[in-house]
Amino acid sequence: MGKSSRKKKPAAAAFAAGDDESARGRLLGAATRLFCRYGINATGIDAIIHEAGTAKTTLYKLFGSKTSLVHAVLESEGKLWRDWFIAALEAGGGDAQTKLTRIFPALKNWFGEDRFYGCPFINAVGEHDKDQKQFRNIAMRHKKVVLAHIEKLAGEMGAVEPEILAHQLGLLIDGAIVAAMVTRDPGVADTAGLAADSLFGPAKVKKPKRASVAPAQLVAV
């Protein structure tokens, strides 16, 4: 009898852990869909648990608060997006510049999806007080990973200042995402891609150092 009880405990614990993992996945999925479509502030806890098919107590048990759930959604979505984005650039091989030219065709495909609601990080920061750092910090960590990969490719391409080129491309990416969200036109990615193409050649040209010349009035003195 005692042995039988001891054998059942690990199985029960494993079942409970699996059930929690399933509920966590459903809550993350539901929150992601609702936050992206309607916004974080406009989405209440009741809507999330209804969409996920879980109890409110389960949400608080697994995440503790809505804010923690938002953090988990952003972390999860960020990783999924980064994995997709980097894979899209690397797919098919080629040199570094070829990989960089895949940025905006990849974004165009994303913009054309029915569930495209813009960047969750831009949306989260835009919805909240600009002095709040809770979502801004997560957004910045996400952006740094994306820019680091672009900067690496820019360096391999031969850019004299790869960090600057990476930030220029990053601005075009952010601008295209916002424009696509507002206009619902995936074609804005093509325009951003043309702007990006115009940066590659000049980025490889070494700029001459400016001679240090004193102002005329000082030279006269």
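This note goes through a predicted model, from the chain as a whole down to single residues.

1. Overall make-up. The protein chain contains 11 helices and zero strands. Followed along the sequence, the pattern is α-α-α-α-α-α-α-α-α-α-α. A student looking for strands in the picture will therefore find none, as the count of strands is zero.

2. Burial and surface. The chain has 221 residues, and 34% of them are buried. Its accessible surface comes to about 13200 Å². Carbon and sulfur atoms account for 58% of that surface.

3. Contacts along the sequence. Take the contacts between residues at least 6 apart in sequence: 67% of these join residues at least 24 apart. Two of the salt bridges described below, Lys108 with Asp190 and Asp174 with Lys143, also link parts of the chain that are far along the sequence from each other, at 82 residues and 31 residues.

4. Packing of H2 and H3. Two packed helices are described by the angle between their axes and the distance between the axes. For helix H2 (residues 45-52) and helix H3 (residues 56-63), the angle is about 100° and the axes are 9 Å apart. H2 is therefore roughly perpendicular to H3, because angles of 65 to 115 degrees are given that description.

5. Residues in that contact. Which residues of H2 and H3 meet? On the H2 side they are Ile45, Asp46, Ile48 and Ile49. On the H3 side they are Lys56, Leu59 and Tyr60. Sorted by type, this contact has five nonpolar residues, no polar ones and two charged ones.

6. A salt bridge within one helix. The structure holds eight salt bridges, and three of them are taken up here, starting with the side chains of Lys79 and Asp83, whose N to O distance is 2.8 Å. Both residues belong to helix H4 (residues 66-90). They are four residues apart, so about one helical turn separates them. Lys79 has a relative accessible area of 48% and is partly exposed. Asp83 is partly exposed too, at 42%.

7. A salt bridge between H6 and H10. Lys108 pairs with Asp190, and their closest N and O atoms are 2.8 Å apart. Lys108 is in helix H6 (residues 103-111) and Asp190 is in helix H10 (residues 188-203), so this pair ties together parts that are 82 residues apart in sequence. Are these two residues buried, exposed or partly exposed? Lys108 counts as partly exposed at 31% relative accessibility, and Asp190 counts as partly exposed at 38%.

8. A salt bridge between H8 and H9. The side chains of Asp174 and Lys143 form a salt bridge with an N to O distance of 2.6 Å. Asp174 lies in helix H9 (residues 162-183) and Lys143 in helix H8 (residues 134-157), which puts distant parts of the chain in touch across 31 residues. Asp174 has a relative accessible area of 24%, and Lys143 has a relative accessibility of 26%. Why are they not called buried? Buried means under 20%, so Asp174 and Lys143 are partly exposed.

9. A backbone detail at Arg184. Where does Arg184 lie? Arg184 is in the loop between H9 and H10. Its phi is near 60°, a positive value in a residue other than glycine. With 46% relative accessibility, Arg184 counts as partly exposed.

Methods:
Residues numbered from 1 in each chain as written. Predicted model: local features only at pLDDT ≥ 70, side-chain atom pairs only at ≥ 80, totals over all residues. Heavy atoms only, no water. Helix = DSSP H or I, 4+ residues; strand = E, 2+ residues; numbered from the N terminus. Buried < 20%, exposed > 50% of the residue type's maximum accessible area, 1.4 Å probe, protein only. Contact = heavy atoms within 4.5 Å. Areas by Shrake-Rupley, 256 points an atom, 1.4 Å probe, with all protein chains shown as cover. Axes fitted to C-alpha atoms, helices over the stretch in contact; angles between N-to-C directions. Parallel < 35°, antiparallel > 145°, perpendicular 65-115°, else oblique. Nonpolar A, V, L, I, M, F, W, Y, C, P; charged D, E, K, R; others polar. Salt bridge = Lys/Arg side-chain N within 4 Å of Asp/Glu carboxyl O.
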